[in-house]
Amino acid sequence: MPATYHHRKTAVCYCLIGLSIFLLDSCNSTKYVPDEAHLLKSYRVKVDNEQVDKKELDSYIKPKPNRQILGTKFYLGLYNLSGEKDSGWNRWLRKIGEAPVLYDGGETERNNKQLGLYMRNKGYHHAEVSDSVMLKKNKAQVSYEIAAGIPYILRSINYHYEDTTLRSLLAPDSVNSLLKPGDPFDVDAMQAERARIETYLRNRGYYNFNREYIYYEADSSLNTHQVDLTIGIKKFILPSGDGYYLVVPHRKYRIEEVYIYPGFDPKRAIADNKGYIEGLTTFRYNVFEFRHEDKLKADPGVISQSVFIMPGEDYDAEKVKQSYKHLSSLRIYKLVNIVFEEKYPDDPYMHDYYPLVCHIQLSPTTLQSYTVELEGTNSAGNLGIGGNLNYTHRNLFGGAENFTTRLSGAVETIKEIDQQGFGNMIELGLEGRLTIPKFLLPFKTERFIRKYNPKTSTSISYNYQHRPDYTRSVFQTSFGYNWTSGDFITHIINPVQLNFVKMIDATDEFLEDIKDTYLEYSYEDRLILGVNYSFIFSNQDMKKTRDFVFFRTNLESAGILLKGMARAINAERDSLGRYVMFGNAFAQFVKGDVEFRYFKIMNDQTNLVYRIFAGVAYPYGNSITIPYEKQYFTGGANGIRAWQVRNLGPGSFNIFNETETPRYPNQTADVKLEGNIEYRFDLFWLLEGALFVDGGNIWSLNKDDDRPGSVFEWDRFYKEFALGAGFGLRMDFSFFVFRFDLGMKVRDPAQPEGSRWVFMNSGYNRPQYNIAIGYPF
């Protein structure tokens, strides 16, 4: 393609980006600001004590100036692009834009008071807050200055038990208190301590206890900025039938009975609860009483192993929480509701324990469903169309077994091997997966199930690929387990993972093209039998907007068992000395990689995402190379987006510099290092924007690799990092995200040293677009 065309294409992209920024930034930002008013341009909060959390101070400032993207008031710019005429276009611009935020002296005064209140809550009772405003050309800049003063410190902490029955329980636990002598006199910390005590008691039988029974008394009469704090525990207030209240010691509750309703119908229960309950069939399973109508559709054993609330045990709020979590994870109930009933709520007499009845109401969800998916594909610039037919049964054998099957097909137009024409790639696949909510092991695992919520998974799939240059099939099956430990950690282990790749046919041109290359051994019939383990950590909380971390490591080994069998039976060897089992030389390798992501939540509309990936695969024993399916590659929609998928690396290898240019891309390898930074921001409607920088490369470990510059060398690899940058648009439909990313090469390691910075080389550098579903990471 002529360089002039590349130049024009690149220039158009630059012009569009520049024009967009110019229009939004150069528009009169005070266009819709009344003459006597002022646009709130910015504000600043300054405090003379570094121990004060400035981020928390910032949260008290209202209103905030118009939102910015990369220093530009993007949403205000959209609003200002509208005209005064009441037309559909102008109304739409105002809807997706943001009206100017005006300076308000009353709001500034309110902010002053809120900042002062915050400082007092943090122990700075003599803090002084002042503000100033600079008005210029219908714009206002507000400054808040805080002189913190000397904070009040906790000198001593004492307890007053109006309910003396709790002394023996709470006194030993005081070592775990969030309040310590020497800490600031912090109201937020005191509230957190109330919540901690509440949780502590509710996990030990005190069903009716709440934080309102905890109070504080503070004595600062010493005038030394020190506080003597007393934590008081009130008695329980028991309503009586005659309208009076009794003040009695807090009551400890014990579970007397647990009723489970596996087919609960809330509408019928609301209409006639007594009649509905009396019409149910009752039977006992273990320590639980099941109440249902018609045929029981779920195995009571599976349900009971997900319930942590046991008759005869003290009430425990943590076990209630775990029961919710495990019952919901069965995925056969759309609603899980756990209700407790005091058997004798008006009993005025003192007992060691009070009986509590638990009702677990489980409303079934739709067990079977199917979906049809259609999607466009773009692999290395080759366009196509694909579709999937998915079927799901959430309770296949009555034990909450989740079965999914997928029938997939795709057609893609790709270049022929001789690069002179186009052909079609046809891909057909069938996959089935069964997930069972327990460990399938020859020994009892009930305690493990209750603690870690394990699942057993087995899958089987067949994939048929027909390309202009070759035809092959891939059969895969696996058996394994996954379980959780704590709220953030997941373990996945597959002790059996079998892959069999069969080369059905290949053209003479293709075979000639890969002959005597590193890729030749990757396109043989291959049997892979191995084991893999994954460790995943994620502290993302969907209910809270806060920074979070994702970490994953994968370890895989293949061929050890087959190697042992081959030696034991003295299996035959091929011409390269490799053992042959079941008609082919099986693969033997080890592979490991790690991935780290950090999500920095800047505000409700913007966040910054960092990602680092590192992996290495090493063939040994019965393998010369890593099987093609297990090799690393980069580029494409989820890699370094300035390159097409599998069109970067290894190292400084340049496929177009070969004397006889290979006609099949050979850009996979054994080592991968990759890093990404992506700035994501909301635009309007469903549309989101992103700016990104990607970097990294792949390398080979085999010293005999015939691709020049491809081998990983410690004194050279860092010079062979590729760098790309670009921007993206995404449409968030809640249930899926449609993504378009455009990347530009910044540094290309395939170019000669001294010429690798290629960003401004418009004759060489053309934009690479990527279309995908979902975020890249």
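This short report introduces a predicted model of a protein chain, moving from its overall build to one patch on its surface.

## The chain as a whole

Let's start with the overall picture. The chain has 777 residues, and 44% of them count as buried. Its C-alpha trace spans about 95 × 80 × 55 Å along the principal axes.

The secondary structure comprises 14 helices and 31 strands. As for how parts of the sequence meet, take the contacts between residues at least 6 apart in sequence: 63% of these join residues at least 24 apart.

## Surface and charge

The accessible surface of the chain comes to about 40800 Å². Carbon and sulfur atoms account for 55% of that surface.

Charged side chains are the next thing to look at. There are 92 positive and 95 negative side chains in the chain. The centre of the positive set and the centre of the negative set lie 1 Å apart.

## A nonpolar patch

Now for a closer look at one place on the surface. Six names are worth finding in the structure: Y370, V372, L374, L389, L407 and L430, which form a nonpolar patch there. Together they have about 690 Å² of accessible area.

Strand β14, covering residues 368-379, supplies the largest share of this patch, with 3 residues. V372 is a good residue to pick out, as V372 belongs both to the patch and to strand β14. V372 counts as exposed because its relative accessibility is 59%, and exposed means over 50%.

Terms used:
Residues are numbered from 1 along each chain as its sequence is written. This is a predicted model: local features need pLDDT of at least 70, side-chain atom pairs count only at pLDDT 80 or more; totals for chains, interfaces and linings use all residues. Side-chain values use heavy atoms; hydrogens and water are left out. Patches are made of residues with over 30% relative accessible area and no salt bridge: like charges are joined within 9 Å, nonpolar side chains (Val, Leu, Ile, Met, Phe, Trp, Tyr) within 5 Å. Accessible areas come from the Shrake-Rupley method with a 1.4 Å probe; for residues, only the protein chains shown count as cover. A salt bridge is a side-chain nitrogen of Lys or Arg within 4 Å of a carboxyl oxygen of Asp or Glu. Helices (H or I, at least four residues) and strands (E, at least two) are DSSP runs, numbered from the N terminus. Buried means under 20% relative accessible area, exposed over 50%, partly exposed in between (1.4 Å probe, protein chains only). Contact means heavy atoms within 4.5 Å. Lys and Arg count as positive and Asp and Glu as negative; His and the chain ends are not counted. The place of a charge is taken as NZ of Lys, CZ of Arg, CG of Asp or CD of Glu.
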